[in-house]
Amino acid sequence: MTETLGLLLALSFVISLLALTILIWAIANKQVHTPDADDARTIFEPGEGADIDYPDKPHHFDTARSGIDANSSSVVMWLIAAAVFWLIYGSLHGLAASLELHLPDLMSGTAQMTFGRMRTVHLNSVAYGWASQGGLAAVCWIIPRIFRTNLRMTGLLKLGIVLWNIGLAAGVLAIANGWTDGLEWLEIPWQIDIILAAGAACFVAPLIATAKNRNVHHIYVSGWYFLAGVLWFPVLFIVANIPGVHHGVEQATMNWWYAHNVLGLWLTPLGVGTAYYFIPKIIGKPVYSYALSLVGFWALALFYSQVGIHHLIGGPVPTWLVTLSVVHSVMMFVPVIAVAINQHVTVASNLWALKESMPLRFISFGAVMYTLASFQGSIEALRSVNTITHFTHYTVAHAHLGAYAFVSLVLMGAIYQIVPRATGKYWPFPRMIAWHFWLNVIGFAVYFFSLTIGGILQGLAQLDATKPFADSVILLKPYLEGRSLGGGLMTLGHVLLAINLIAIGFAKKTRETETENMVAAE
Amino acid sequence: MNRYLPLAITALAILALATLFLVIAPGMQISAQGPSQGLKPYTEAEARGRAVYVSMGCLYCHSQQPRSLAQAPDAERGWGRASVAGDYAYDDPHQLGTMRTGPDLMDIGDRLPSQAWQLTHLYQPRAIASWSIMPAYPYLFEHKDKAGPDDVVVKLPAQYAPKSGVIVAKQDALDLVTYLQGMKRQYAPPKDGLRDNGYALIAEKQRDATDATTASN
């Protein structure tokens, strides 16, 4: 049995490696159509793309006149409003949970406010409320643009948004009141998950229909990530939530297959796809080496989908399975480097644009964080490193580097870019955007370095049998306080976004009259 | 890529492959092993207590998976031998955990079997350890003027005791403690139990290499 499973391990790795080799061979020998520089220009109209993308710049492809946003901008704005609501709700719960870890008697009066529940409401709010819906807003904005056709079945999309938010609200209420499925990332009770699954399913058909009716031949790279992601997520979500199938350790492997794939096959495609569209679009120049994006995409699918069991290193699961996930984690260097070359070289050769465009600043900062988070993740999965970091707050810092500094900042940039264009209004408080950026960057730096250093010290203390366990708790306290400080600054930044968003709702349409006021600039 | 259908099929095939390797294959291997010999299903009170454990989110600070001595000194801390897949056969939802803000609890019933200790600690952890950052769970207890005949009174130092009356445990607190007391694996560890032996294998290789060097000298 053991030998058989050892072979399985090797087999999985060989399949992935073989698939990647075939892909590279096919590209080299022109067996598949290799995306080239012309394809990379799909996002531009002829003659367009020599200048930064300001909201008041006349577009060659006039989105207003072509009617492309006539029906999609309301869908996008619904998603953005809901996403920002959950961002604030989730941030406040995260901040409260963080405070509770160094002020344990601050909120101990009610069960709803205990750490185990506050933390869980935070995770579900930001993962499924904020990042998922913020990402879908970007998807619904970008898909009609790269396909040059309007969004199909918007009624179904709106139904999906309503169901998703009802399900999520019911889910976090359930968790706060102690009704949970008890698995990380899968806490929302499966009965409520039915509503969420129905909501998620409503997004699949409209996006496929839009892709089928596209007016361009080539599917731009963002489209691959988005179209694959909207298929991957509902499958993952439904399969993982079917009750009564899993128990014991087998349930734990399913748990981490799901949880890591929510990051790898859902939030990451949303973030990477969004960055792949907006970075070249805002700068006005196509990405650096478009052919590489094909390798980046398929290598992500092959390797990222099998890394989840690195959450159970040293645990009661088969050795071959852990090794499999460690190996695939390390292989993640391949897709990450491919994406990094495409995105960072494009930004690095156009640094002037970072001064001009606040949205670009958020998005390219996020893109750099994707590279760093992935490199860190690959190294963290090595057995020797994992022994120190596994059960510590180091992991929490890493999770926030990926889900926050990468995905969230990309999506915030996307929101700043999209909303003026979707509403025909300018941000009422443009300077607040810069404040938001710096609060988030500085807050995150404080957050990340506190927990990274604290986590390593915590791990080393726990590995030293001569030290009592208490030492690992006592030494951690100042770092937990640092996390609260960082988290507070981050939350403050989110409040600025919410203020701007509410204010723009009450603002008058000014696009036609105030052409000089360039919102995207500082 | 210019066509959607091949993209969609390949993307889903890759996910199916990952599911085969990460869920189905290990699932078959694990269920073939069955429960560890000597492991008993949870009693009704333990199961109720476990539900309290799950609902309070104890998982987010406490793991239930001692590591092997080849990797970490968990056993030396009194957290018990390295666990194997069969030790969890009756767990649903599993509570392996990924965080040790607090200690591992796999064998807490062995280490701290006292009901009185556990109740005091749940009511106010800082009544026992001033450095503790664990949440207090006062809502699992009741403040009464006088304890009834069946009430379990919580022992508290003056600093944390009410000015008048007594603190008694609610059923949830008693069940949770019963669950914690039951967390002890007093059966012999199964031979060929499934677990990640990666660290032991590495240590073995290193030993062999050292032996080889010594021998050649």
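Q: What makes up residues 44-184 of chain B in terms of helix and strand, and how far apart are the end C-alpha atoms?
A: The stretch is 27% helix and 6% strand, with its end C-alpha atoms 17 Å apart. Helices here are DSSP runs of H or I with at least four residues, strands are E runs of at least two, and both are numbered from the N terminus. This is a predicted model, where local features need pLDDT of at least 70, side-chain atom pairs count only at pLDDT 80 or more, and totals for chains, interfaces and linings use all residues. Residues are numbered from 1 along each chain as its sequence is written, chains are lettered from A and ligands numbered from 1 in the order written, and side-chain values use heavy atoms, leaving out hydrogens and water.

Q: What feature name does UniProt give residues 44-184 of chain B?
A: The unreviewed UniProt entry places "domain: Cytochrome c" there. Take the label as an annotation that may be inferred rather than shown by experiment; its name is shortened and its positions follow the numbering used here.

Q: Why is Thr180(A) called buried?
A: Its relative accessible area is 17%, and buried means under 20%, exposed means over 50%, and partly exposed is in between (1.4 Å probe, protein chains only). So Thr180(A) goes in the buried bin. You'll find Thr180(A) in the loop between α6 (154-176) and α7 of chain A.

Q: What makes the pairs of the Thr180(A) side chain with Gly182(A) and Glu187(A) polar contacts?
A: A polar contact is a pair of N or O atoms within 3.5 Å; within protein, one must be able to donate a hydrogen and the other to accept it, and sequence-adjacent residues count only if both atoms are side-chain atoms. A polar atom of the Thr180(A) side chain sits 2.8 Å from the backbone nitrogen of Gly182(A), and a polar side-chain atom of Thr180(A) is 3.4 Å from the backbone oxygen of Glu187(A).

Q: Which residues does Thr180(A) contact beyond its neighbours within four places in sequence?
A: Glu187(A), Pro189(A), Val54(B) and Ser55(B), where contact means heavy atoms within 4.5 Å.

Q: Why is Leu480(A) called buried?
A: Its relative accessible area is 0%, so the label follows directly. Leu480(A) belongs to helix α19 (residues 477-506) of chain A and touches Ser98(A), Leu101(A), His102(A), His393(A), Leu451(A) and Ile133(B), leaving out residues up to four places away. Leu101(A) is 379 residues from Leu480(A) in sequence but 7.0 Å away in space, C-alpha to C-alpha.

Q: Why does Tyr288(A) count as exposed?
A: Its relative accessible area comes to 55%, so exposed it is. Tyr288(A) is in the loop between α9 (248-283) and α10 (292-304) of chain A, and the residues it touches include Ile341(A) and Val345(A).

Q: What makes phi of Met153(A) and Asp192(B) worth a look?
A: Most residues other than glycine have a negative phi. Met153(A) has a positive phi near 50 degrees, and Asp192(B) a positive phi of about 55 degrees. Met153(A) is in the loop between α5 and α6 of chain A, while Asp192(B) is in the loop between α5 (171-182) and α6 (198-216) of chain B. At 42%, Met153(A) is partly exposed; at 68%, Asp192(B) is exposed.

Q: How do you know that the peptide bond from Asp92(B) to Pro93(B) is cis?
A: Its omega is near 0 degrees. Most peptide bonds are trans. Pro93(B) falls in the loop between α2 (44-56) and α3 (108-111) of chain B.

Q: What makes an empty space count as a cavity?
A: On a 1 Å grid over the protein atoms alone, a cavity is a set of points where a 1.4 Å probe fits but cannot get out, and lining residues have an atom within 4 Å of a point. Nine cavities of 30 Å³ or more turn up in the structure. The second largest holds about 90 Å³, with points joined across faces, edges and corners and volume taken as the space filled by probe spheres set on them.

Q: How many residues lining the second largest cavity are nonpolar, polar or charged?
A: The split is nine nonpolar, one polar and no charged residues. Ala, Val, Leu, Ile, Met, Phe, Trp, Tyr, Cys and Pro count as nonpolar, Asp, Glu, Lys and Arg as charged, and the others, Gly among them, as polar. Among the lining residues are Ser132(A), Trp164(A), Phe203(A) and Trp266(A). Helices α5 (115-147), α7 (190-212) and α8 (221-241) of chain A each supply at least two of the lining residues.

How values were computed:
1 Å grid on protein atoms, 1.4 Å probe; cavity = no way out; pocket = protein on both sides within 12 Å on 5 of 7 lines; lining within 4 Å.
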